[in-house]
Protein chains: 2
Amino acid sequence: MTDLSPTPRTTLTREKERGRTDRDELLALLDEAIIAHIGVVAGGHPVVVPVAFAVDADGPDEGGTLYVHGSVAAGWMRKAPGSDVCVTVTALDGLVLARSAFNHSMNYRCAVVIGSARLVEDEAERARAMELTVDHVVPGRAATLRANTRKELAATAMLAVPLHEASLKTRTGGVEDEPEDVAAGAWAGVVPLRIVSGDVETDPETSEPVPDDVRRRAAQLSN
Amino acid sequence: MTDLSPTPRTTLTREKERGRTDRDELLALLDEAIIAHIGVVAGGHPVVVPVAFAVDADGPDEGGTLYVHGSVAAGWMRKAPGSDVCVTVTALDGLVLARSAFNHSMNYRCAVVIGSARLVEDEAERARAMELTVDHVVPGRAATLRANTRKELAATAMLAVPLHEASLKTRTGGVEDEPEDVAAGAWAGVVPLRIVSGDVETDPETSEPVPDDVRRRAAQLSN
């Protein structure tokens, strides 16, 4: 267990009591979340898009490496290399319905990683990053697939962001109301939220059974 | 039904066939999604954070108004007014597990709104934006709560972003594999995903029953 060491860029500006400093908690959220949102600056304005991603905690960058997957043709991917980017991963855990509008909130876990983005050019690192990205979606699946073709490799870009500058902010638990609002007797509570999978939809063009890794992943997401 | 009119900043750079131009579809996604991610440029680098938000399709800005809720003390909120921001709303609808790593994808709907952020200063507009934000979480709830105090109003900021410059990109349906991969016979399919609510957790300090609006919202999210 290593502590997160936020720089000024990843130091919380408010509700600092919600800040977490345990790197293992950060890695657990990045493991659980399916997508991230990456922000890049393009032509002076920010652009934020959802992306597939993966983590190599022992990757070559300071603090480990967060890999972001994209097309070489994507506008944001062309802008990112060599620039600072922000990768944010959010799990929404509940609606906090307080007795006042002001104390309404959400339960969540949110990781913010800021760093200089590096285009992965080493072929071995790129292949590994792509495998990690598939395995992040369904653990174990990469090993069951055919190798990428040269054309496929040429069309895919992986961006590496150091996990060094990161913050983790979470809210958990129940409502936090003013004593006078509690005394007034109105209802308050929490609606817990989670992502679940439905039944696996097998492609009509195959008669193979659902592979074990996919079955396990769907079962995990149904719990 | 009005068409979206993307500017160069919100014109898709790839997979343009996934672009949608129906403003009603954009509004439907913004209605369904619970959180957005806002990107701002702060000190030369992007910052992306999750936020509560609401839409007033008849709001005072071109194309209607997207309101983003935040604390007056949040670092990103202090940077945003007068600057271009990007507000991205993503619904993740499924894991698309193809026969090759390359054709793996996700089903999703993603709205990207770029525009100059305006700090809402008119008190009537601000009160309305705050009500819309509560009602976006649980429709009908704002009218059941006590009025905000002056102190609460002073601590809350609402940012207005025009809905004029917006894009909507979606992927739906099954896997899209190469014919030779289909012929090789491997399994492929889709794992559908959705957000669901668990049982409503009533605060132990109230004996009131769960209000109808909360019950309806939880039931809607359970379907």
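A polar contact is a pair of N or O atoms within 3.5 Å; within protein, one of the two must be able to donate a hydrogen and the other to accept it. With that idea in hand, a good place to begin this tour of the predicted model is the start of helix α3 of chain B, where a side-chain oxygen of Asp122(B) reaches to within 3.2 Å of the backbone nitrogen of Ala124(B).

Helix α3(B) itself covers residues 123-137. Its length can be checked with simple arithmetic: at 1.5 Å a residue, the 15 residues should span 21 Å, and the end C-alpha atoms lie 22 Å apart, which agrees. Several residues of α3(B) are buried, among them Ala129(B), Met130(B), Leu132(B) and Thr133(B). Towards the end of the list come Val134(B), His136(B) and Val137(B), while charged names such as Glu125(B) and Arg126(B) also belong to the buried set. As background, an α-helix has 3.6 residues a turn, so residues three or four places apart point the same way.

Attention now turns to strand β11 of chain B, residues 189-197, which is mostly covered, with seven of its nine residues buried. Within its own chain, β11(B) is joined by four bridges to strand β6(B), residues 84-97, and the two run antiparallel. In this pairing Gly94(B) stands opposite Pro192(B).

The strand also has partners in the other chain. Five bridges join β11(B) to β11(A), again in the antiparallel sense, and here Ile195(A) stands opposite Ile195(B). Strand β12 of chain A, residues 201-202, pairs with β11(B) as well, antiparallel and over two bridges; Glu201(A) stands opposite Val190(B). In a regular strand the side chains alternate between the two faces of the sheet.

These strand pairings lead on to the interface as a whole. The contact draws 80 residues from chain A and 81 residues from chain B. The size of an interface is often given as the accessible area lost when the parts come together. For chain A and chain B this buried area is about 6600 Å², and carbon and sulfur atoms give 68% of that area.

What kinds of polar link cross the interface of chain A and chain B? Four salt bridges are found there, including one between Arg99(A) and Asp203(B), whose closest N and O atoms are 2.8 Å apart. The interface also holds 25 residue pairs in polar contact. On the side of chain A that touches chain B, β11(A) gives the most, with nine residues.

How values were computed
Residues are numbered from 1 along each chain as its sequence is written. Chains are lettered from A and ligands numbered from 1 in the order in which they are written. This is a predicted model: local features need pLDDT of at least 70, side-chain atom pairs count only at pLDDT 80 or more; totals for chains, interfaces and linings use all residues. Side-chain values use heavy atoms; hydrogens and water are left out. Buried means under 20% relative accessible area, exposed over 50%, partly exposed in between (1.4 Å probe, protein chains only). Two strands pair if DSSP finds at least two bridges between them. The expected span of a helix is 1.5 Å times one less than its number of residues. Contact means heavy atoms within 4.5 Å. Buried area is the accessible area (1.4 Å probe) that two parts lose on being put together, summed over both. A salt bridge is a side-chain nitrogen of Lys or Arg within 4 Å of a carboxyl oxygen of Asp or Glu.
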